[in-house]
Amino acid sequence: MEPSQTTNEQQEEEQLVTPWEVSARDGGKIDYDKLIDRFGCQRIDQSLVQRVERLTSHPAHVFLRRNVFFAHRDFAEVLDAYEKGEKFYLYTGRGPSSEALHLGHLIPFMFTKYLQDAFKVPLVIQLTDDEKFLWKNLTIEECQRLARENAKDIIACGFDISKTFIFNDFDYVGGAFYRNMVQVAKRVTYNQAVGIFGFTGEDHIGKVSFPPVQAVPSFPSSFPHLFKGKENLRCLIPCAIDQDPYFRMTRDVAPRIGYHKPALIESLFFPALQGETGKMSASDPNSAIYVTDSAKDIKNKVNRYAFSGGQDSIEKHRQLGANLEVDIPIKYLSFFLEDDAELEHIKKEYGAGHMLTGEVKQRLVQVLTELVERHRTARANVTEEIVDAFMAVRPLPHMFD
């Protein structure tokens with residue numbers, strides 16, 4: 001059994017983190033140290049970051065350098081195997097519940113692209129259109145349509161088509177994939193599922209039956225067209241930490257059916273503009289910056305809604321400086337401003353009261369506008385034929401080149 005497989009009631013009261021809901025008591029901040037203790041994963045330390053740089057001859061991604069991806073399960077073991085010449089593959093995914101992605105949705109894909117490029121390994125991306133049908137008030141046809149629309153945004157992140165397979169569950173599940181699902185399902189009791197996911201007697205059985213679907217892309221035999229003869233391949237999963245319950249379950253089952261436990265590298269939640277109280281809400285368009293937002297939208301949202309740690313008067317601000325711990329523009333710059341020296345300069349000047357909130361927000365608007373416009377241009381070039389090519393069930397003969 002993986003550590004902390006069942007929920008701790010006291011910590012559950014303080015903060016709720018499941019694959020479908022993230023909240024802290026009284027609108028507080030998520031306590032990631034408690035989450036690590038409860039889930040039983042490990043913090044990523046500087047030595048692990050330096051090891052990635054040494055093994056890949058690539059500088060660490062900004063998300064790794066700044067602890068956006070902050071926790072892991074068995075990542076060191078994957079690096080051990082890689083150092084000995086063993087390959088691995090990447091697996092990540094997206095639940096297609098909305099047409100437009102916000103910046104928080106892009107984070108795992110931006111990081112996964114870096115991992116694919118740095119380690120030169122194949123990638124499978126699961127679009128869980130079936131999950132969204134089970135959890136949301138959407139038709140099957142709408143979930144399938146949204147999966148395809150989301151695939152365009154994912155492809156726009158720049159993945160290598162010769163090393164990437166994207167699939168949606170409604171079209172792909174069957175055959176070897178389904179055989180692995182049944183193997184997992186037979187080895188997880190109902191009580192374990194309740195303990196891991198918090199299912200209740202009011203949940204329909206479709207929800208209870210779904211976790212094996214998300215589990216088995218971490219087994220190479222689920223993709224015989226890709227990994228035939230490579231059934232011992234390790235899997236590394238970049239994801240937000242709210243997805244951890246799925247893979248605690250998977251890691252418990254994997255050795256019992258002859259597979260490596262999948263390794264995970266897990267990220268913080270990207271905070272809402274209004275403050276760090278979990279993750280953005282798709283139901284509140286003003287809580288997030290979307291990849292469809294215009295430059296005017298971005299400027300308006302940042303200036304009106306981005307929670308500031310600055311003081312309430314210029315005189316007071318010059319005297320006391322900003323509270324960087326709660327300042328959302330600084331947090332967003334920490335995610336997306338590539339230049340370490342510039343970020344440190346802004347934090348120092350703003351924290352000392354030499355820079356005003358308006359100046360920091362202005363820089364953030366520039367950074368986000370460039371990012372969104374770059375993404376929008378790339379997405380406009382993703383044709384239906386390109387989507388078909390990424391989603392075609394085909395061998396990837398150069399996936400480890």
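I began with the charged side chains of this predicted model, and found that Arg148, Glu149, Lys152, Asp153, Arg379, Glu384 and Asp388 are linked in a network of salt bridges. Over the whole structure I counted 26 salt bridges.

**Entry on aspartate 153.** From that network I took aspartate 153, which I located in helix α8, spanning residues 140-155. I asked whether aspartate 153 is buried or exposed. Its relative accessibility is 1%, so I entered aspartate 153 as buried. Leaving out residues up to four places away in sequence, I listed Glu99, Leu101, Val291, His375 and Arg379 as the residues that aspartate 153 touches. With one of these, histidine 375, the side chain of aspartate 153 makes a polar contact through the histidine side chain, at 2.7 Å.

**Entry on aspartate 340 and arginine 66.** I next looked up the salt bridge between aspartate 340 and arginine 66, where the closest N and O atoms are 2.5 Å apart. Aspartate 340 sits in helix α19 (residues 340-351), while arginine 66 belongs to the loop between α4 (62-65) and β4 (69-73), so this pair ties together parts that are 274 residues apart in sequence. I noted aspartate 340 as partly exposed, its relative accessible area being 35%, whereas arginine 66, at 18% relative accessibility, counts as buried.

**Entry on helix α15.** Which parts of the chain does the salt bridge of arginine 73 and aspartate 244 tie together? I read the N to O distance of this salt bridge as 2.9 Å. Arginine 73 lies in strand β4 and aspartate 244 in helix α15 (residues 244-253), so the pair joins parts that are 171 residues apart in sequence. I found both arginine 73 and aspartate 244 to be buried.

I then turned to arginine 251 and aspartate 74, whose side chains meet in a salt bridge with an N to O distance of 2.9 Å. This pair links distant parts of the chain, with arginine 251 in helix α15 and aspartate 74, 177 residues apart from it, in the loop between β4 and α5 (75-83). Here too I recorded arginine 251 and aspartate 74 as buried.

**Entry on the cysteines.** I searched for disulfides, and the structure holds zero. Cysteine 41 is in no disulfide, the nearest cysteine sulfur being that of cysteine 239, 9.6 Å away. I noted cysteine 41 as buried, with a relative accessible area of 8%. Why is the sulfur of cysteine 157 without a bond to the closest cysteine sulfur, in cysteine 239? The two sulfurs are 16 Å apart, which is too far for a bond. Cysteine 157 also counts as buried, at 14% relative accessibility.

Conventions:
Residues numbered from 1 in each chain as written. Predicted model: local features only at pLDDT ≥ 70, side-chain atom pairs only at ≥ 80, totals over all residues. Heavy atoms only, no water. Helix = DSSP H or I, 4+ residues; strand = E, 2+ residues; numbered from the N terminus. Buried < 20%, exposed > 50% of the residue type's maximum accessible area, 1.4 Å probe, protein only. Polar contact = N/O pair within 3.5 Å; in protein donor to acceptor, adjacent residues only side chain to side chain. Contact = heavy atoms within 4.5 Å. Disulfide = S-S within 2.5 Å. Salt bridge = Lys/Arg side-chain N within 4 Å of Asp/Glu carboxyl O.
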